[in-house]
Amino acid sequence: MKRHLLSASDLNVDDAILILDTAEELAKLVDGPVKKLPTLRGRTVVNLFYEDSTRTRISFEAAAKRLSADVINFTAKGSSVSKGESLKDTALTLQAMGADAVIVRHSASGAAHQLAASGWIAGSVINAGDGTHEHPSQALLDAFTMRRHLRGSKGDLAGVRVTIVGDVLHSRVARSNVLLLATLGAEVTLVAPPTLMPFGVEQWPCEISYDLDRVLPRTEALMMLRVQGERMNNAFFPSMREYSRGYGLDDKRASALSPEAIVMHPGPMNRGLEISAGAADGLRSVIVEQVANGVSVRMAILYLLLGGAFVEEVSL
Amino acid sequence: MSGYLLRAVSVLGEDKVDVLIDGGIISEVSKKPLAPTGVRTIDCDGLVALPGLVDLHTHLREPGREDSETVESGSAAAALGGFVAIHAMANTNPVADTAGVVEQVYRLGREAGWCDVRPVGAVTVGLHGTQLAELAAMAHSAARVRVFSDDGKCVADPILMRRALEYVKAFDGVIAQHAQEPRLTEDAQMNEGFVSSQLGLRGWPAVAEESIISRDVLLAEHVGSRLHVCHVSTAGSVEIVRWAKSRGVMVTAEVTPHHLLLTDELARSYDPRYKVNPPLRRDEDVQALRQGLADGTIDAVATDHAPHPVEDKECEWSSAAFGMIGLQSALSVVQTTMVETGLMTWAEVSDRMSTRPARIGSLRDHGRPIAVGEPAHVVLLDPRGKSAFTLEANASKSRNSPFLGMELHGHVEATFLRGRATVLDGKLVG
């Protein structure tokens, strides 16, 4: 495995399965009487968050703490970043503090990549979401969730039919998911109005559709993406209601899914816009489970990237 | 001892001759060895002589951003690149939109003495795109401005563009358009295509350039004016310019060295050295630009030398400034992409980097052949071997070059401005 996790494309199929298998093992351990493992004792993990994202930050924080790492939270608010310190100077500061891993969330696409490539930081860089680029740990927790429900927590996702619906253009979750799911052998269909599909999407390793109703019956995992209402101001769609009618998961559409299908959402949800309350809270919904799985998967990522001898042993 | 004998030099890459430079002009060209007295002899065996290069598109940053470049440092870099005349773009601070500012830049260029610095005047006041600047005042100033451009910004308002094209006819001026439809490129970061879709960087679509060029060639045809298109970057733009020329429209176009060599794949590094406007495009575009330059559809290579301080490039891609420096690497990039590939001869390089840019800029003293009686503007280059552009050789105050460490063919040995050597042995003559 590489030293950093910047993109889902950094992982080959063996890497990805190793992370998912490790996450399963760690989940079992933490579900037992011992809540905390000593693996990363004495290691320092920095949460470097330039963007508000409480859920991702606390998920990584919980993961690091369960592995006994020291966690430093560095957020743009209340730090010198808001006074205009450069990414470079912040990175050099963290390096001076001896960070073994930096988990970075940034509004600029490529920020994590730059941190890793610059030589400013010696430790591992984990991309916790960069602009509209990628969010690889989210894709891993999504794959973990799909595998649990659809493949008995084993192996890859060969042949699993996944449908991702919504603002693909601005979604780092969609980009990472398409890459990782292709690596794991799943069959992905993206559904969105054409205005919210990226230019060049036809070269991505997935199918494209503008018709949600046609795709739903054969879908095994349905992932709804958050859609921001402000998008209609840039003519991406005429109104929230029109979007919702065409691409929202309402109760009627949810009932068109097969009984075994699962409904996912990376959160936070706009209930009533891209997903109805009934669908979000329904029997097929695994949305709350995704959050719990997020901690296990992020433990596995930290464990494998920082685990010292263990990494040497399994590195590919 | 003021003169130079260029012994056994290959003018335009052809048969070896002796060239005598004296009194600021080319005083003799002979197939037989010359033996003048009182001049310095330069053994030019293996060297190629071209007319001194003319750049239509240089950002010198003075006045206003002397931390990234000055007229002095930028024109020194130009001399090292084989240039004898450069056009200083108007987007300084204050903007070069009055006779006072263009005369200041002109005077600074003369004081530096590395090459002729021709100021470009802004088309609109403050580059705001709303009101014409005093174009005639700049044309009739000591700087004798003939090229007008809001470069960095597009003259997007069609009526303003029409009026500007018409107005400069009175003094044989030309409008050099930065073709970028502003609404189609809001917050654009890189070429819109497969790579941008993967990188999650906002796209700068080819149509934003091509739609403005289409409009402008039709406007130029309608009012019978001269139009120059800055830094064409797409295959479609080449097609539109070719079509317009076939109709007799008075349009000329330039391409940058970096658009002849680099593609948007480089953005995958998220290294802001590769962030430039217009953006690096696809390989298909690079090939079409090379063909367009070779067949003459594109008239000139222009550097778009755009210095930026380190802090504006050592940051997140989306926060970084657009632009690359390019004066010192231009000729090597052209040799690598056009000559070594067999697409162009040295005579054609001379046409695209000296003759035609001088004509577009209405520089009567430049772009002249290496012939008896002509002004002695000459560049000597050694086309043999490859080397990388290095920071040690860099004379610009900025270092944002995409060519650092990249092996390119050839290097400039000497540059003569009106018979005076500004560069000898690849070094500035102070």
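The buried residues of helix α4(B) pack against four elements of chain B: β9 (147-148), β10 (174-177), α6 (206-223) and β13 (227-229). The model is predicted. Within α4(B), which spans residues 158-167, the buried residues are Met161(B), Ala164(B) and Leu165(B). They sit on the same side of the helix, because they cover an arc of only 100° around its axis. An α-helix has 3.6 residues a turn, so residues three or four places apart point the same way.

**The two chains**

The table sets out the overall figures for each chain.

| Property | Chain A | Chain B |
|---|---|---|
| Secondary structure | 12 helices, nine strands | 11 helices, 19 strands |
| Residues and radius of gyration | 316 residues, 19 Å | 430 residues, 21 Å |
| Span of C-alpha atoms along principal axes | about 55 × 45 × 35 Å | roughly 65 × 45 × 45 Å |
| Buried residues | 49% | 60% |
| Share of contacts (separation of 6 or more) between residues 24 or more positions apart | 75% | 74% |

Does the radius of gyration of chain A agree with a compact globule, or disagree? It agrees: a compact globule of 316 residues would have a radius near 20 Å, and chain A has 19 Å. Chain B agrees with its own rule too, with 21 Å against an expected value near 22 Å for 430 residues.

**Where chain A meets chain B**

At this interface, 20 residues of chain A are in contact with 18 residues of chain B. Three helices of chain A each supply at least two residues to its side: α3 (87-96), α4 (111-118) and α6 (172-183). Which of them gives the most? It is α4(A), with four residues. By class, this side of chain A has 10 polar, seven nonpolar and three charged residues.

**Two domains in chain A**

Chain A is divided into two domains. Domain 1 takes in residues 8-135 and 294-314, while domain 2 covers 136-290. Their centres, taken over C-alpha atoms, are 25 Å apart. Across the boundary, 26 residues of domain 1 are in contact with 24 residues of domain 2. On the domain 1 side, α1 (13-31), β4 (124-130) and α11 (287-306) of chain A each supply at least two residues. Helix α1(A) gives the most to that side, with seven residues. The residues of the domain 1 side divide into 12 nonpolar, nine polar and five charged.

**The largest nonpolar core**

The largest nonpolar core has 241 residues. Which residues touch the most other members? They are Val102(A), Leu115(A), Leu302(A) and Ala49(B). Helix α11(A) gives the most to this core, with 11 residues. Both domains of chain A give residues to the core, so it lies between them.

Leu115(A) is worth following further. Leaving aside residues up to four places away in sequence, Leu115(A) touches Leu87(A), Ala91(A), Val102(A), Val104(A), Trp120(A), Ile121(A) and Val125(A). One of these partners, Val102(A), is also among the residues that touch the most other core members.

Key
Residues numbered from 1 in each chain as written. Chains lettered and ligands numbered in written order. Predicted model: local features only at pLDDT ≥ 70, side-chain atom pairs only at ≥ 80, totals over all residues. Rg over C-alpha atoms; globule rule 2.2 N^0.38 Å. Buried ≥ 20, exposed ≤ 12 C-beta atoms within 10 Å, placed from the backbone. Contact = placed C-beta atoms within 7 Å. Nonpolar A, V, L, I, M, F, W, Y, C, P; charged D, E, K, R; others polar. Domains from an automatic or database assignment. Arc of directions from axis to C-beta. Core = buried A, V, L, I, M, F, W, Y, C linked by C-beta atoms within 7 Å.
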